[in-house]
Amino acid sequence: MSAPKTARGLEGVIALESKICSIDGTAGSLVYRGYDIADLAANCPFEDVAWLLWTGELPSGAESERLNSQLAAHRVLPPAVHEFLARVGEHAEPMSVLRTAVSMLPLYDHPLESDDDPLTQSIRLTARIPTIIAAFERRRAGLMPIRPLTHGSTAHNFLYMMTGSEPGEAAEHIFDTCLTLHAEHGLNASTFTARTVAATLTDLHSAVTAAIGALKGPLHGGANTAVMHMLQELESNQMSPQDFILTKLEKKERIMGFGHRVYRTIDPRAVILKELLQALSDEQGGSVWLDMSMEIMETMTASKNLYPNVDFFSASVYATLGIPADMFTPIFALSRVSGWTAHVLEQWNDNRLIRPRAAYVGPSGRSVGSTHTDKRPS
Ligand code: ACO
(Lines give C-alpha, C1' and ligand atoms only; values in the text may rest on other atoms or scores of the structure.)
Protein backbone atom coordinates (compact mmCIF):
# COMPACT_ATOMS: atom_id res chain seq x y z
CA MET A 1 0.00 0.00 0.00
CA SER A 2 1.49 3.38 -0.97
CA ALA A 3 1.83 6.06 1.74
CA PRO A 4 -0.80 8.84 1.73
CA LYS A 5 0.30 12.08 0.04
CA THR A 6 1.98 14.48 2.45
CA ALA A 7 2.40 18.26 2.24
CA ARG A 8 6.18 18.56 2.71
CA GLY A 9 6.91 21.38 5.14
CA LEU A 10 3.10 21.74 5.44
CA GLU A 11 3.20 23.93 2.33
CA GLY A 12 -0.27 25.09 1.35
CA VAL A 13 -1.94 23.47 4.37
CA ILE A 14 -4.64 25.57 6.03
CA ALA A 15 -4.22 24.47 9.65
CA LEU A 16 -6.70 26.80 11.37
CA GLU A 17 -8.82 29.94 11.08
CA SER A 18 -7.45 33.23 12.38
CA LYS A 19 -8.67 36.81 12.50
CA ILE A 20 -5.23 38.29 13.19
CA CYS A 21 -3.32 38.57 9.93
CA SER A 22 -3.84 38.10 6.22
CA ILE A 23 -1.13 37.80 3.58
CA ASP A 24 -1.52 37.87 -0.19
CA GLY A 25 1.75 36.40 -1.39
CA THR A 26 1.11 37.17 -5.06
CA ALA A 27 0.07 40.79 -4.62
CA GLY A 28 2.64 41.32 -1.84
CA SER A 29 0.21 42.58 0.76
CA LEU A 30 0.23 42.14 4.52
CA VAL A 31 -2.72 43.14 6.68
CA TYR A 32 -3.03 43.09 10.49
CA ARG A 33 -6.67 42.85 11.66
CA GLY A 34 -7.88 44.54 8.46
CA TYR A 35 -5.27 47.35 8.40
CA ASP A 36 -2.59 47.41 5.71
CA ILE A 37 0.93 47.19 7.12
CA ALA A 38 2.01 50.40 5.34
CA ASP A 39 -0.88 52.31 6.95
CA LEU A 40 0.00 50.98 10.43
CA ALA A 41 3.73 51.59 9.96
CA ALA A 42 3.10 55.20 8.92
CA ASN A 43 0.46 56.07 11.49
CA CYS A 44 0.64 53.96 14.67
CA PRO A 45 3.23 53.39 17.38
CA PHE A 46 4.23 49.78 18.03
CA GLU A 47 2.30 49.70 21.32
CA ASP A 48 -0.99 50.53 19.54
CA VAL A 49 -0.24 47.85 16.95
CA ALA A 50 0.39 45.28 19.72
CA TRP A 51 -2.96 46.21 21.29
CA LEU A 52 -4.62 45.84 17.89
CA LEU A 53 -3.12 42.35 17.52
CA TRP A 54 -4.19 41.31 21.02
CA THR A 55 -7.71 42.74 21.04
CA GLY A 56 -8.74 43.20 17.40
CA GLU A 57 -9.13 47.00 17.69
CA LEU A 58 -6.78 49.98 17.84
CA PRO A 59 -6.76 51.39 21.38
CA SER A 60 -8.77 54.44 22.43
CA GLY A 61 -6.75 57.29 23.98
CA ALA A 62 -7.46 55.96 27.49
CA GLU A 63 -6.59 52.37 26.53
CA SER A 64 -3.35 53.54 24.95
CA GLU A 65 -2.42 55.48 28.08
CA ARG A 66 -3.23 52.51 30.31
CA LEU A 67 -1.21 50.14 28.10
CA ASN A 68 1.81 52.45 28.16
CA SER A 69 1.64 52.70 31.96
CA GLN A 70 1.39 48.91 32.24
CA LEU A 71 4.41 48.48 29.97
CA ALA A 72 6.39 51.04 31.98
CA ALA A 73 5.45 49.32 35.25
CA HIS A 74 6.60 45.90 34.05
CA ARG A 75 9.90 46.73 32.33
CA VAL A 76 11.99 46.01 35.43
CA LEU A 77 13.29 42.41 35.65
CA PRO A 78 13.27 40.13 38.68
CA PRO A 79 16.75 40.19 40.38
CA ALA A 80 17.29 36.47 39.64
CA VAL A 81 17.08 37.15 35.89
CA HIS A 82 19.65 39.95 36.22
CA GLU A 83 21.90 37.54 38.15
CA PHE A 84 21.60 35.01 35.32
CA LEU A 85 22.44 37.70 32.73
CA ALA A 86 25.49 38.74 34.78
CA ARG A 87 26.76 35.16 35.00
CA VAL A 88 26.03 33.82 31.54
CA GLY A 89 29.24 35.11 29.93
CA GLU A 90 30.08 37.31 26.98
CA HIS A 91 30.29 34.47 24.46
CA ALA A 92 26.76 33.19 25.05
CA GLU A 93 24.56 33.27 21.97
CA PRO A 94 21.98 36.07 22.46
CA MET A 95 18.90 34.12 21.28
CA SER A 96 19.76 31.27 23.66
CA VAL A 97 20.17 33.80 26.47
CA LEU A 98 16.79 35.35 25.64
CA ARG A 99 15.09 31.94 25.42
CA THR A 100 16.45 30.92 28.83
CA ALA A 101 15.64 34.27 30.47
CA VAL A 102 12.05 34.22 29.17
CA SER A 103 11.54 30.71 30.52
CA MET A 104 12.87 31.89 33.92
CA LEU A 105 10.50 34.84 34.25
CA PRO A 106 7.38 33.12 35.64
CA LEU A 107 9.47 31.37 38.31
CA TYR A 108 9.96 34.77 39.91
CA ASP A 109 6.51 36.26 39.37
CA HIS A 110 4.72 37.54 42.42
CA PRO A 111 2.13 34.83 43.35
CA LEU A 112 -0.66 37.23 42.37
CA GLU A 113 0.93 37.82 38.95
CA SER A 114 0.78 34.09 38.11
CA ASP A 115 -3.01 34.37 38.21
CA ASP A 116 -3.11 37.34 35.84
CA ASP A 117 -5.29 36.95 32.77
CA PRO A 118 -3.42 36.00 29.55
CA LEU A 119 -3.63 39.55 28.10
CA THR A 120 -1.94 41.04 31.19
CA GLN A 121 0.70 38.30 31.02
CA SER A 122 1.27 39.14 27.35
CA ILE A 123 1.72 42.83 28.15
CA ARG A 124 4.15 41.99 30.97
CA LEU A 125 6.23 39.73 28.73
CA THR A 126 6.27 42.36 25.95
CA ALA A 127 7.54 44.89 28.51
CA ARG A 128 10.32 42.65 29.81
CA ILE A 129 11.90 41.21 26.65
CA PRO A 130 13.54 44.54 25.63
CA THR A 131 15.03 44.85 29.13
CA ILE A 132 16.48 41.32 28.93
CA ILE A 133 18.11 41.97 25.55
CA ALA A 134 19.52 45.38 26.51
CA ALA A 135 20.80 44.12 29.89
CA PHE A 136 22.60 41.20 28.24
CA GLU A 137 24.18 43.53 25.64
CA ARG A 138 25.48 45.78 28.47
CA ARG A 139 26.75 42.87 30.56
CA ARG A 140 28.71 41.31 27.72
CA ALA A 141 30.33 44.69 27.07
CA GLY A 142 31.41 44.77 30.73
CA LEU A 143 28.88 47.49 31.58
CA MET A 144 26.13 47.63 34.19
CA PRO A 145 22.55 47.33 32.89
CA ILE A 146 20.53 50.53 32.76
CA ARG A 147 17.19 50.76 34.52
CA PRO A 148 14.27 51.42 32.16
CA LEU A 149 12.72 54.88 32.24
CA THR A 150 9.32 55.39 33.80
CA HIS A 151 8.17 57.04 30.57
CA GLY A 152 8.70 56.67 26.83
CA SER A 153 7.92 54.07 24.20
CA THR A 154 9.28 50.54 23.82
CA ALA A 155 11.63 51.81 21.08
CA HIS A 156 12.81 54.74 23.21
CA ASN A 157 13.45 52.58 26.27
CA PHE A 158 15.18 49.82 24.37
CA LEU A 159 17.61 52.14 22.57
CA TYR A 160 18.24 53.99 25.84
CA MET A 161 18.88 50.78 27.82
CA MET A 162 21.22 49.46 25.07
CA THR A 163 23.29 52.59 24.54
CA GLY A 164 22.96 54.59 27.76
CA SER A 165 21.73 57.71 25.99
CA GLU A 166 18.19 58.61 25.06
CA PRO A 167 17.71 58.24 21.28
CA GLY A 168 16.94 61.12 18.95
CA GLU A 169 13.47 61.33 17.45
CA ALA A 170 14.58 60.02 14.05
CA ALA A 171 16.26 56.87 15.44
CA GLU A 172 13.32 56.17 17.75
CA HIS A 173 10.85 56.59 14.88
CA ILE A 174 12.78 54.25 12.57
CA PHE A 175 13.17 51.62 15.28
CA ASP A 176 9.49 51.89 16.24
CA THR A 177 8.51 51.36 12.57
CA CYS A 178 10.74 48.26 12.46
CA LEU A 179 8.90 46.90 15.50
CA THR A 180 5.53 47.33 13.78
CA LEU A 181 6.82 45.63 10.63
CA HIS A 182 8.05 42.58 12.57
CA ALA A 183 5.11 42.26 14.97
CA GLU A 184 3.04 39.65 13.16
CA HIS A 185 3.08 37.39 10.13
CA GLY A 186 0.39 34.73 10.21
CA LEU A 187 1.25 31.08 10.75
CA ASN A 188 5.01 31.37 10.26
CA ALA A 189 7.20 28.70 11.89
CA SER A 190 7.58 30.37 15.29
CA THR A 191 3.92 31.42 15.57
CA PHE A 192 2.75 27.94 14.60
CA THR A 193 5.13 26.61 17.27
CA ALA A 194 3.63 28.99 19.86
CA ARG A 195 0.09 27.93 18.95
CA THR A 196 0.95 24.23 18.97
CA VAL A 197 2.49 24.52 22.43
CA ALA A 198 -0.35 26.71 23.74
CA ALA A 199 -2.94 24.26 22.41
CA THR A 200 -1.83 21.71 25.02
CA LEU A 201 -3.10 24.27 27.59
CA THR A 202 0.35 24.79 29.02
CA ASP A 203 1.41 28.31 30.10
CA LEU A 204 2.12 31.40 27.97
CA HIS A 205 5.84 31.48 28.78
CA SER A 206 6.29 27.90 27.56
CA ALA A 207 4.66 28.84 24.25
CA VAL A 208 6.85 31.95 23.82
CA THR A 209 10.02 30.12 24.91
CA ALA A 210 9.40 27.51 22.20
CA ALA A 211 8.65 30.25 19.65
CA ILE A 212 11.97 31.96 20.43
CA GLY A 213 13.73 28.64 19.76
CA ALA A 214 12.00 28.41 16.38
CA LEU A 215 12.72 32.02 15.44
CA LYS A 216 16.43 31.55 16.14
CA GLY A 217 16.96 29.30 13.08
CA PRO A 218 18.65 30.83 10.00
CA LEU A 219 15.79 29.79 7.71
CA HIS A 220 13.47 31.95 9.86
CA GLY A 221 14.33 34.98 12.04
CA GLY A 222 18.01 34.09 12.29
CA ALA A 223 18.36 35.14 8.64
CA ASN A 224 18.75 38.84 9.54
CA THR A 225 22.02 38.15 11.40
CA ALA A 226 23.16 35.89 8.54
CA VAL A 227 22.42 38.71 6.04
CA MET A 228 24.77 41.07 7.91
CA HIS A 229 27.49 38.42 8.04
CA MET A 230 27.10 38.01 4.27
CA LEU A 231 27.34 41.79 3.69
CA GLN A 232 30.43 41.94 5.94
CA GLU A 233 31.99 39.05 4.00
CA LEU A 234 31.29 40.88 0.74
CA GLU A 235 32.73 44.13 2.09
CA SER A 236 35.97 42.42 3.03
CA ASN A 237 36.63 40.78 -0.35
CA GLN A 238 37.40 42.21 -3.76
CA MET A 239 34.42 40.82 -5.69
CA SER A 240 31.54 42.83 -7.08
CA PRO A 241 28.21 42.07 -5.35
CA GLN A 242 27.00 40.41 -8.56
CA ASP A 243 30.00 38.04 -8.85
CA PHE A 244 29.86 37.35 -5.13
CA ILE A 245 26.21 36.25 -5.31
CA LEU A 246 26.57 34.30 -8.57
CA THR A 247 29.54 32.40 -7.10
CA LYS A 248 27.50 31.49 -4.03
CA LEU A 249 24.58 30.37 -6.18
CA GLU A 250 26.91 28.23 -8.31
CA LYS A 251 28.01 26.53 -5.09
CA LYS A 252 24.27 25.94 -4.31
CA GLU A 253 24.42 28.19 -1.25
CA ARG A 254 21.27 29.94 -0.05
CA ILE A 255 21.35 33.72 -0.12
CA MET A 256 20.02 34.86 3.21
CA GLY A 257 17.22 37.41 3.22
CA PHE A 258 15.77 36.12 -0.08
CA GLY A 259 12.85 33.84 -0.82
CA HIS A 260 9.74 33.16 1.18
CA ARG A 261 7.24 30.35 1.57
CA VAL A 262 4.30 32.71 0.97
CA TYR A 263 5.49 35.71 -1.09
CA ARG A 264 6.06 35.36 -4.83
CA THR A 265 7.05 39.01 -5.08
CA ILE A 266 8.88 41.47 -2.84
CA ASP A 267 7.82 41.25 0.80
CA PRO A 268 5.85 44.47 1.57
CA ARG A 269 7.89 44.88 4.77
CA ALA A 270 11.10 44.86 2.71
CA VAL A 271 9.68 47.71 0.61
CA ILE A 272 9.27 49.89 3.72
CA LEU A 273 12.60 48.79 5.22
CA LYS A 274 14.37 49.71 1.96
CA GLU A 275 12.85 53.21 2.23
CA LEU A 276 14.04 53.48 5.85
CA LEU A 277 17.54 52.42 4.82
CA GLN A 278 17.47 54.94 1.98
CA ALA A 279 16.45 57.70 4.45
CA LEU A 280 19.25 56.72 6.85
CA SER A 281 21.71 56.65 3.95
CA ASP A 282 20.63 60.12 2.73
CA GLU A 283 21.05 61.46 6.27
CA GLN A 284 24.56 60.02 6.52
CA GLY A 285 25.66 60.98 2.99
CA GLY A 286 25.57 57.40 1.63
CA SER A 287 25.59 53.83 2.87
CA VAL A 288 27.82 51.00 1.74
CA TRP A 289 25.17 48.53 2.92
CA LEU A 290 22.48 50.12 0.74
CA ASP A 291 24.66 50.12 -2.39
CA MET A 292 25.62 46.46 -1.91
CA SER A 293 22.04 45.47 -1.07
CA MET A 294 20.59 47.05 -4.20
CA GLU A 295 23.03 45.20 -6.44
CA ILE A 296 22.41 41.91 -4.62
CA MET A 297 18.66 42.42 -5.02
CA GLU A 298 19.02 43.01 -8.77
CA THR A 299 21.23 39.93 -9.15
CA MET A 300 18.87 37.68 -7.18
CA THR A 301 15.80 38.87 -9.05
CA ALA A 302 17.42 38.50 -12.47
CA SER A 303 19.14 35.16 -11.85
CA LYS A 304 16.74 33.32 -9.50
CA ASN A 305 13.50 35.30 -9.60
CA LEU A 306 13.78 35.52 -5.79
CA TYR A 307 12.89 38.70 -3.90
CA PRO A 308 13.99 40.18 -0.57
CA ASN A 309 12.10 39.18 2.55
CA VAL A 310 11.81 41.16 5.81
CA ASP A 311 15.29 40.11 6.95
CA PHE A 312 17.25 41.53 4.00
CA PHE A 313 16.98 45.30 4.52
CA SER A 314 16.25 45.16 8.27
CA ALA A 315 19.82 43.90 8.80
CA SER A 316 21.30 47.06 7.24
CA VAL A 317 18.83 49.33 9.03
CA TYR A 318 19.80 47.89 12.43
CA ALA A 319 23.52 47.98 11.59
CA THR A 320 23.21 51.65 10.59
CA LEU A 321 21.52 52.33 13.94
CA GLY A 322 24.67 50.90 15.58
CA ILE A 323 23.17 47.57 16.71
CA PRO A 324 25.49 44.50 16.70
CA ALA A 325 24.55 41.80 14.16
CA ASP A 326 23.85 39.04 16.67
CA MET A 327 21.25 41.26 18.37
CA PHE A 328 19.08 41.48 15.22
CA THR A 329 17.17 38.25 15.87
CA PRO A 330 16.50 39.06 19.56
CA ILE A 331 15.12 42.41 18.34
CA PHE A 332 12.84 40.48 15.97
CA ALA A 333 11.59 38.54 19.04
CA LEU A 334 11.16 41.79 20.98
CA SER A 335 8.52 42.79 18.45
CA ARG A 336 7.13 39.37 17.43
CA VAL A 337 6.22 38.54 21.02
CA SER A 338 3.12 40.66 20.39
CA GLY A 339 2.09 38.46 17.46
CA TRP A 340 2.95 35.21 19.24
CA THR A 341 0.91 36.14 22.29
CA ALA A 342 -1.99 37.41 20.14
CA HIS A 343 -2.09 33.96 18.54
CA VAL A 344 -1.90 32.23 21.92
CA LEU A 345 -4.89 34.30 23.11
CA GLU A 346 -6.79 33.41 19.94
CA GLN A 347 -5.88 29.74 20.32
CA TRP A 348 -7.12 29.64 23.91
CA ASN A 349 -10.31 31.42 22.92
CA ASP A 350 -11.36 28.38 20.88
CA ASN A 351 -8.85 25.68 21.68
CA ARG A 352 -8.34 22.30 20.10
CA LEU A 353 -5.18 20.24 20.51
CA ILE A 354 -2.95 20.52 17.42
CA ARG A 355 -1.91 17.03 16.53
CA PRO A 356 -1.23 16.10 12.89
CA ARG A 357 -0.11 12.65 11.80
CA ALA A 358 2.90 11.34 9.90
CA ALA A 359 2.72 8.90 7.02
CA TYR A 360 4.82 5.99 8.24
CA VAL A 361 7.36 5.03 5.57
CA GLY A 362 9.78 2.99 7.72
CA PRO A 363 10.35 -0.78 7.74
CA SER A 364 7.74 -3.21 9.00
CA GLY A 365 7.43 -6.82 10.14
CA ARG A 366 10.81 -6.94 11.96
CA SER A 367 11.58 -9.11 14.98
CA VAL A 368 14.27 -8.54 17.66
CA GLY A 369 15.03 -12.31 17.92
CA SER A 370 18.33 -13.20 16.23
CA THR A 371 19.68 -9.70 15.40
CA HIS A 372 20.01 -8.19 18.89
CA THR A 373 21.48 -9.34 22.23
CA ASP A 374 19.61 -8.38 25.39
CA LYS A 375 22.31 -6.90 27.68
CA ARG A 376 20.08 -6.26 30.72
CA PRO A 377 21.05 -8.14 33.91
CA SER A 378 18.94 -11.26 34.09
N1 ACO B 1 18.81 31.41 -2.01
C2 ACO B 1 19.00 30.52 -2.99
N3 ACO B 1 18.06 29.65 -3.38
C4 ACO B 1 16.88 29.68 -2.74
C5 ACO B 1 16.62 30.60 -1.71
C6 ACO B 1 17.64 31.49 -1.35
N7 ACO B 1 17.46 32.38 -0.39
N8 ACO B 1 15.35 30.42 -1.26
C9 ACO B 1 14.84 29.42 -1.99
N10 ACO B 1 15.75 28.99 -2.88
C11 ACO B 1 15.58 27.92 -3.84
C12 ACO B 1 15.89 26.56 -3.21
O13 ACO B 1 17.22 26.20 -3.34
C14 ACO B 1 14.96 25.66 -3.99
O15 ACO B 1 15.55 25.39 -5.24
P16 ACO B 1 15.46 23.93 -5.89
O17 ACO B 1 13.98 23.68 -6.07
O18 ACO B 1 16.24 24.05 -7.14
O19 ACO B 1 16.07 23.00 -4.88
C20 ACO B 1 13.74 26.53 -4.27
O21 ACO B 1 14.20 27.87 -4.21
C22 ACO B 1 12.62 26.34 -3.22
O23 ACO B 1 13.19 26.44 -1.93
P24 ACO B 1 12.52 25.81 -0.63
O25 ACO B 1 13.52 25.80 0.47
O26 ACO B 1 11.82 24.54 -0.94
O27 ACO B 1 11.40 26.91 -0.37
P28 ACO B 1 10.69 27.15 1.00
O29 ACO B 1 9.40 27.77 0.71
O30 ACO B 1 10.68 25.89 1.80
O31 ACO B 1 11.74 28.13 1.70
C32 ACO B 1 12.79 29.87 2.78
C33 ACO B 1 11.49 29.38 2.14
C34 ACO B 1 13.23 28.91 3.88
C35 ACO B 1 12.54 31.23 3.40
C36 ACO B 1 13.89 29.96 1.70
O37 ACO B 1 13.51 30.89 0.71
C38 ACO B 1 15.25 30.34 2.29
O39 ACO B 1 15.99 29.45 2.74
N40 ACO B 1 15.61 31.65 2.30
C41 ACO B 1 16.84 32.09 2.92
C42 ACO B 1 16.65 32.21 4.43
C43 ACO B 1 15.80 33.38 4.79
O44 ACO B 1 15.98 34.49 4.29
N45 ACO B 1 14.87 33.14 5.71
C46 ACO B 1 13.99 34.20 6.24
C47 ACO B 1 12.59 34.03 5.72
S48 ACO B 1 11.54 35.33 6.32
C49 ACO B 1 11.30 34.91 7.93
O50 ACO B 1 11.22 33.79 8.32
C51 ACO B 1 11.22 36.00 8.90
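**Close-up views of the ligand site**

**View 1. Backbone contacts of the ligand with L219 and F258.** In this predicted model, a nitrogen atom of the ligand and a backbone N or O atom of L219 are 2.9 Å apart. F258 also contributes its main chain: one of its backbone N or O atoms is 2.8 Å from a nitrogen atom of the ligand. On its own, the ligand has 920 Å² of accessible area, of which the protein covers 66%.

**View 2. Side-chain contact of R261 with the ligand.** A polar atom in the side chain of R261 is placed 2.8 Å from an oxygen atom of the ligand. R261 is also listed among the closest residues around the ligand, together with H220, R254, I255 and G257.

**View 3. The shell and the pocket.** The ligand is surrounded by 20 residues. Sorted by class, this shell consists of 10 nonpolar, 5 polar and 5 charged residues. The site occupied by the ligand is the largest pocket.

**View 4. The ligand between two domains.** The protein chain comprises domain 1, with bounds 18-219 + 326-349, and domain 2, with bounds 223-320. The ligand lies between domain 1 and domain 2 because both of them give residues to the shell around it.

**View 5. The contact region of domain 1 and domain 2.** Across this region, 28 residues of domain 1 are in contact with 26 residues of domain 2. The C-alpha centres of the two domains are separated by 25 Å.

Conventions: Residues are numbered from 1 along each chain as its sequence is written. This is a predicted model: local features need pLDDT of at least 70, side-chain atom pairs count only at pLDDT 80 or more; totals for chains, interfaces and linings use all residues. Side-chain values use heavy atoms; hydrogens and water are left out. A residue is near a molecule or strand if one of its heavy atoms lies within 4 Å of it. A polar contact is a pair of N or O atoms within 3.5 Å; within protein, one must be able to donate a hydrogen and the other to accept it, and residues adjacent in sequence count only if both atoms are side-chain atoms. Accessible areas come from the Shrake-Rupley method with a 1.4 Å probe; for residues, only the protein chains shown count as cover. On a 1 Å grid over the protein atoms alone, a cavity is a set of points where a 1.4 Å probe fits but cannot get out, and a pocket is an open set with protein on both sides within 12 Å along at least five of seven lines; lining residues have an atom within 4 Å of a point. A molecule sits in a cavity or pocket if more than half of its atoms lie within 2 Å of its grid points. Ala, Val, Leu, Ile, Met, Phe, Trp, Tyr, Cys and Pro count as nonpolar, Asp, Glu, Lys and Arg as charged, and the others, Gly among them, as polar. Domain bounds come from an automatic or database domain assignment. Contact means heavy atoms within 4.5 Å.
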